[in-house]
Amino acid sequence: MARKTNGSATMRDVARLAGVSIKTVSNILNGYQYVRPETRERVDDAIRELGYHVNVSARNLSRGRTGAIALVLPALRGVYFAELADAVMREASRRGLTVFIEQTNAERDRELRVLDGSYRSRFDGVLYSPLALGQHDLPLFDVDFPLVLLGERVFDGGVDHVTMSNVEGARAATEHVLDRGATTVVPLGVKDDPSPSSGTLRFQGFRDALRSRGLDVDPRAVIGVPDYFHATGAATIARILDSGVEPDAVVAFTDTLALGALAALQDRGLRVPEDVLLIGFDNIDEANYSRPPLSTIDPGRDVIAHRAVALLEERIQLQFDGVPREERPAPRRIVIDFELIQRRSTLR
């Protein structure tokens with residue numbers, strides 16, 4: 001028999017070379033345990049010799065599944081979301097799933113399309129981080145396809161939800177700079193919209209920390225931001241300084257805001273950490289390479305990805321096994337713990 005080593009080999013070719021049935025090859029590829037070691041070894045040798053690759057798409061389709069999930073995010077321009085997408089893709093790949101990424105740009109119409117069922121024919125399930133939708137949209141999340149919610153805009157939506165410790169993490173960041181002698185601490189990343197979001201939750205943790213020490217924030221420093229990009233951080237800290245506030249610490253609600261603020265502070269001749277302590281939130285890769293390196297709150301991005309993909313895979317299996325909705329586990333909300341990463345930006 002001609003040896004096919006260009007990826008065109010079939011399961012039949014593997015079976016013929018190993019001297020076993022196609023069913024035996026299939027059992028081994030699907031993790032069936034009760035196969036004699038010598039048989040498994042012959043099949044593995046044949047797979048390596050032929051360069052055989054499993055057609056995951058065909059295998060999944062034969063089971064009524066696509067083998068693909070959708071990851072729907074507001075914008076990949078946001079560094080945190082880009083790194084979250086990378087973590088999700090790595091976790092999904094480990095589980096034999098393909099990830100398709102949809103960017104909504106936080107547009108309400110595009111976010112609503114995720115919930116109207118149009119994704120069902122293309123994907124086995126959806127990981128969804130909405131930004132334009134909120135608590136008033138809760139009834140829309142009662143969907144009949146596997147869905148796991150990410151983020152802080154919607155709570156108790158009747159689906160599994162994986163989120164981070166926003167309030168607790170921001171409080172820890174604020175206490176960190178207070179413990180280092182700061183007395184005029186300003187927030188960076190406040191949202192004008194009072195509805196749940198990472199900004200409003202982190203501001204809550206920020207104020208809780210100040211009030212526990214008998215302090216409060218200068219109202220001149222409470223400036224709403226439209227987004228969490230570098231330029232916004234630079235522009236907002238400049239406005240705070242121009243208002244007459246003289247901070248000795250800045251607690252930024254994202255690392256990108258903090259990095260923008262770092263550049264603006266240095267442009268004003270203020271040194272970090274000597275004059276101003278600076279801490280961010282998200283532990284993006286860039287934070288470790290700023291000058292000085294940025295202290296930050298690590299929200300557990302890899303753990304979020306792991307738990308979210310695992311939950312979605314479980315829901316997908318229940319769906320395709322035909323388990324009635326009333327017999328499935330109740331929706332779960334999982335809050336991932338954080339870690340404070342101390343770097344040079346808060347070390348005097």
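Colleague: How many bridges join strand E7 to E8?

Modeller: In this predicted model, strand E7 covers residues 249–252 and runs parallel to E8. One place to look is Val-251, which stands opposite Ile-279 in E8. The number of bridges joining E7 to E8 is 3.

Colleague: In the open sheet of 3 strands, which strands stand at the edges?

Modeller: The strands of this open sheet follow one another in the order E6-E7-E8, and their pairing is parallel. A strand at the edge has a single partner strand, so one side of it is left without a neighbour in the sheet. That description fits strand E6 (185–188) and strand E8 (277–279).

Colleague: Which helix packs on this sheet, touching E6, E7 and E8?

Modeller: The neighbouring strands of the sheet are turned by 15° against each other on average, if direction is ignored. The helix that touches E6, E7 and E8 has a direction that makes about 155° with that of E8, and it covers residues 255–267. Its name is H10.

Colleague: Are H9 and H10 oblique or perpendicular to each other?

Modeller: Helix H9 (residues 230–242) packs against H10 with the two axes 6 Å apart, at an angle of about 50°. An angle under 35 degrees would count as roughly parallel, and one from 65 to 115 as roughly perpendicular. The angle between H9 and H10 is about 50°, and the two helices are therefore oblique.

Colleague: How many charged residues are there in the contact of H9 with H10?

Modeller: H9 passes H10 in a right-handed crossing. Residues that make the contact include Ile-237 and Leu-241 of H9, together with Ala-261 and Leu-265 of H10. By class, the contact has 8 nonpolar and 5 polar residues, while the number of charged residues is none: no charged residues.

Colleague: In which loop is Pro-273 found?

Modeller: Pro-273 can be reached along the chain from Val-272, and the peptide bond between these two residues is cis, with omega near 15°. Another cis peptide bond goes from Arg-291 to Pro-292, with omega near 0°, and Pro-292 lies in the loop between E8 and strand E9 (296–298). Pro-273, for its part, is found in the loop between H10 and E8.

Colleague: Which strands are the edge strands of the open sheet of 6 strands?

Modeller: This sheet has the order E2-E1-E3-E4-E5-E10, and its pairing is parallel. From one strand to the next, the twist averages 20°. An edge strand here pairs on one side only, and this holds for strand E2 (98–103) and strand E10 (333–336).

Colleague: In E10, what is the bridge partner of Val-162?

Modeller: Strand E5 covers residues 160–164 and pairs with E10 in the parallel sense, over 4 bridges. Within this pairing, the residue of E10 that partners Val-162 is Ile-334.

Colleague: Which helix lies across E1, E2, E3 and E4, running at about 145° to E3?

Modeller: Helix H5 (residues 79–94) also packs on the sheet, but the strands it touches are E1, E2, E3, E4 and E5, and its direction makes about 170° with that of E1. The helix asked about covers residues 108–115. It is helix H6.

Colleague: How far apart do the C-alpha centres of domain 2 and domain 3 lie?

Modeller: The domain assignment gives domain 2 as 63–164 + 301–337 and domain 3 as 166–298, besides domain 1 at 11–54. Between domain 2 and domain 3, 13 residues of the former are in contact with 17 residues of the latter. Their C-alpha centres lie apart by 30 Å.

Colleague: Are H2 and H3 perpendicular or oblique to each other?

Modeller: The axes of helix H2 (residues 22–29) and H3 come within 10 Å and cross at roughly 90°. Among the residues that meet are Ile-28 and Leu-29 in H2, and Val-43 and Ile-47 in H3. Angles of 65 to 115 degrees count as roughly perpendicular, and H2 and H3 are therefore roughly perpendicular.

Colleague: Is the crossing of H1 and H3 right-handed or left-handed?

Modeller: Helix H1 (residues 11–18) and helix H3 (residues 37–50) have axes that come within 9 Å and cross at roughly 125°. That angle makes H1 oblique to H3. As for its hand, the crossing of H1 and H3 is right-handed.

Terms used:
Residues numbered from 1 in each chain as written. Predicted model: local features only at pLDDT ≥ 70, side-chain atom pairs only at ≥ 80, totals over all residues. Heavy atoms only, no water. Axes fitted to C-alpha atoms, helices over the stretch in contact; angles between N-to-C directions. Parallel < 35°, antiparallel > 145°, perpendicular 65-115°, else oblique. Left-handed = near helix turned anticlockwise from the far one by under 90°. Pairing = 2+ DSSP bridges. Contact = heavy atoms within 4.5 Å. Domains from an automatic or database assignment. Nonpolar A, V, L, I, M, F, W, Y, C, P; charged D, E, K, R; others polar.
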